[in-house]
Amino acid sequence: MKSELAEEVLGDLDEKFYKVLEEKGHRGARKIYWLQVMKYFRPFAIKKTRLRLPKIATMQRHYLKISWRNLLRDKAFSSIKIGGFAVGIAACILISLYINHELSYDKHYQDQESIYRIANNYQSEEYSEMWTNLEGPFKPVLEGNIPEIDLVARVVLWRWGKVGENHIRPSNTLNNIYEGGFFYSDPELFEILEVPMVYGSQKEALNAPNSIAISKSKADKYFPNENPVGKQLILNDDTERAYTIGGVFEDFVSTSHLQGDFIMTLKDRKSGPGTSGWCCTNYNFYVKLTPNASKTAIEQKLTNVRDTYIMDKYREIGKNGLDDLQKHQSYYLQPVQDIYLNKQNIGDNMTHGSHDLVWIFGGVALTILLLACLNFINLSTAKSIKRAKEVGLRKVVGSQRSGLIVQHLTESSFYSLLSVVLGTLIAWGLMPLFNKISAEALVIPWTSWWFAPTLLSGALLIGFLSGIYPAFYLSKFNPIEVLKGKASSGASTSFFRNSMVVFQFTVTVILIIAAIVTQKQFQHFMNKSLGFEKEQVVNILGLNSLKENEREVFKEELERITAIQSTSLGDYLPVEGGRNTNFGFELVEKKGLEEGFEAARWMVDENYLETMGMELVSGRNFTDQSLDETSIIINESMAHQFGLDDPIDTQVVDMFDGTYRIIGVVKDFYFESLTSTVRPLAMVRGKGRETISIKLNSSNIEQTLAAVNSIWEGFKPNQPIRYSFMNQRFQRMYEDLIKAKTLLIIFSILSVTIACLGLFALSAYSVEQRIKEVSVRKVLGASAQMIFKLLAGDFIKLILISIAVAIPVGWLLMDELLGDMTNRISLSWTVFALASLMALVIAIITVSFESIKAALINPATRLRSE
């Protein structure tokens, strides 16, 4: 209450109280007294007092005001500091979200520590490999001999049966719809991977022969607003083998290594090669261990089971190399959370992330953030002379060094917070572009509980780390020297600043080198002679919905189109998505005497080599089906593996005791990644069921494809035609390289941008400090060229030092990155010359603006006050 009203009001209240006390007693008097008190809670009677903040809070508010004023006083300089920070933080946020996504795969299981995948582990002095494929009968052996294994599930993921892609329709409709994501599995998979069920149960969804479980999204698509359990799906118009839906499961989370929408049962499945015997390794095995089971002990038990039981089965089927197998092969339990990044490089025919790429991008993110921090430090120390008098005055009026340090740390944290806000907005704006490049579906996790605290703590940490040196440096100025105008940045500070410029441009040049090397390696792959023609070849897909005789007639109809040079009916293609089967082979004359080897086995027709543009180096091609039923064509690598100089008419035998006569040798062609050598390959005579390839001899592709579509509609009016170009499928094999190349180019540009922002600000500040010197020199006759050399020369020297350091470091890093890769490019001097020239030109352009501006200025305008 206002003091001038207090005495009068209190007197009136007392007088009223005693008067009421006589009339209504003590209780009534008190009640009325407090009612009267409440009436005085009005604006006219209340004393307005200012909130007194603690001393520390008051000082912080003062420091923030000073920070804001400094920002407004030098907008261009502050914009560069904040902008450079923001660009670095935006890049760091984007890469961090990408890395977090890649590292989060298969971390969502409750019993994550108990879920594994079984892999073969072969280790010898000459050879080392790990792979997942095992025999089907391995499942009951595990269930009956290792009690620590609680659940076992087999999964078939390689292109066999109906795995991969199919055309489907509910049994009550006629139109086929293309779908991917099909694979085979045992019912136990749902329990092992903890897949929630929408309809049906985990145990029963795949427990009946010819049953199928579908994802919720596909159930909503084909059976909206109803329970589809018990309904039937027709695959590829095969009405004799309809699949009955046994359950609907929740869609696999995006961070699951295993993805699919249609899971077909392995229950009582007998058809297909090697479904129930010990001859073929078609299955991936997932297991769930009992609580407290020892991974190492179970791996040893797996080896013991092989030695005591499985080896006898191998002998029964006549498998070779058993002594070597027993000596060098063991089993490895791969934790489920390690499958996606697959740092053990286990062969499994699945799509993986890149373990190396994750850490490379992590290093790039930290590097860019470090460059942004160095920019801030450099620019802060460069501005120290301008703020020297401020520091001197504060010290004269009593400021302690600790207070000055807190002030500058507050200012750097303030800038950092602004940069984080701006950087987050930049990252949010660039997220669609980043997702397109990285082939991900990342989002800024605005609502996640950890996001805002992480950004805040990150901003404060970065602000502290980037501001600690300028804070201590500025706070140590001697006030007397400063106020006399004798403050100097000192040789040590200049050396520190120059060192940071050298470091920034060294990193920038290395990133430019990495981007150029990656681009050249990609172009080398794309332009490499593959041993087959990928241009002008179109793959028509989805033929498995046609009957066998229809496929032959369709092929004949296509051959009547004049723009089509040749056609081949075959599913084995040297590009992404083609089938691939591996068989064991050995020479008939050495069977049982020497160990055989594994080779790819393809089934092709007589037009395959012509359509694919493959070259026979000896022998002949396939001709008549009946004549060539037992003929085989091998590649040069397989001939070399057999040790044959002239393999024609040599007889070989495969793992099923099929005997073939070699009739031709095809020149080696790349049917797997160009990063590996060409494996042995055998081709036998046969027809495909899913794909027909056509070689075009016309540039009018649209007209030819329209003619093809017209023919297709005559055969399958209820199914749209699907086709792909072979060169595009080949390029998809190198998506990781394309991703790495594009992102490295972007990050190199960001690095150059950050470094140039800092260099521009430093050059502008240097010119500002030396402007009177420049004016005097001009008065004394110095030319613009001399002035430019004076101002820009020191910076160019720093860039040349950066280049000298970056070239050997970049060469070592790139040589290590390429390693022993097959078909790697050579690191020629042109790569480093180009990167150095780019960095030098960009740096010269950056510093030239202010230097030329200073060289052209009228000296009278600067010397007028002297």
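**Exercise 1. Describe the surroundings of Val195, a residue in the loop between α5 (188-192) and β7 (197-199).**

Welcome! Keep in mind as you work that this is a predicted model.

*Step 1.* Is Val195 buried or exposed? Its relative accessibility is 4%. Buried means under 20%, so Val195 counts as buried.

*Step 2.* Now look for its neighbours. Leaving aside residues up to four places away in sequence, Val195 touches Phe190, Gln202, Phe249, Glu250 and Phe252.

*Step 3.* Take one of these neighbours, Phe252. Along the sequence, Val195 and Phe252 are 57 residues apart, while in space their C-alpha atoms are 7.5 Å apart.

**Exercise 2. Find the partners of strand β9 (residues 232-235).**

*Step 1.* Begin with strand β5 (residues 164-170), which pairs with β9 in the antiparallel sense over three bridges. Here Pro170 stands opposite Leu233 of β9.

*Step 2.* Then turn to strand β10 (residues 243-249), joined to β9 by two bridges and also antiparallel. On this side, Gln232 has Thr244 of β10 as its bridge partner.

**Exercise 3. Work out which strands stand at the edges of the open sheet that contains β15, and what lies across it.**

*Step 1.* Write down the strand order. The sheet has four strands, β15-β23-β14-β24, with antiparallel pairing.

*Step 2.* Read off the ends. β15 (564-569) and β24 (722-725) each have a single partner strand, so one side of each has no neighbour in the sheet. From one strand to the next, the twist averages 25 degrees.

*Step 3.* Zoom in on one pair. β15 and strand β23 (residues 692-696) run antiparallel and are joined by five bridges. Ser568, for example, has Ser693 in β23 as its bridge partner.

*Step 4.* Add the helix. Helix α15 (residues 548-559) lies across β14 (537-541), β15 and β23, and runs at about 165 degrees to β15.

**Exercise 4. Describe how helix α21 (residues 771-779) meets helix α22 (residues 784-818).**

*Step 1.* Two packed helices are described by the angle and the distance between their axes. For α21 and α22, the axes come within 10 Å and cross at roughly 155 degrees.

*Step 2.* Interpret the angle. Angles over 145 degrees count as roughly antiparallel, and α21 and α22 are therefore roughly antiparallel to each other. The crossing of α21 past α22 is right-handed.

*Step 3.* Name the residues that make the contact. α21 contributes Glu773, Val774, Arg777 and Lys778, and α22 contributes Ile787, Leu790 and Leu791.

*Step 4.* Sort these residues by character. Four are nonpolar, three are charged and none is polar.

Note on methods
Residues numbered from 1 in each chain as written. Predicted model: local features only at pLDDT ≥ 70, side-chain atom pairs only at ≥ 80, totals over all residues. Heavy atoms only, no water. Axes fitted to C-alpha atoms, helices over the stretch in contact; angles between N-to-C directions. Parallel < 35°, antiparallel > 145°, perpendicular 65-115°, else oblique. Left-handed = near helix turned anticlockwise from the far one by under 90°. Contact = heavy atoms within 4.5 Å. Nonpolar A, V, L, I, M, F, W, Y, C, P; charged D, E, K, R; others polar. Pairing = 2+ DSSP bridges. Buried < 20%, exposed > 50% of the residue type's maximum accessible area, 1.4 Å probe, protein only.
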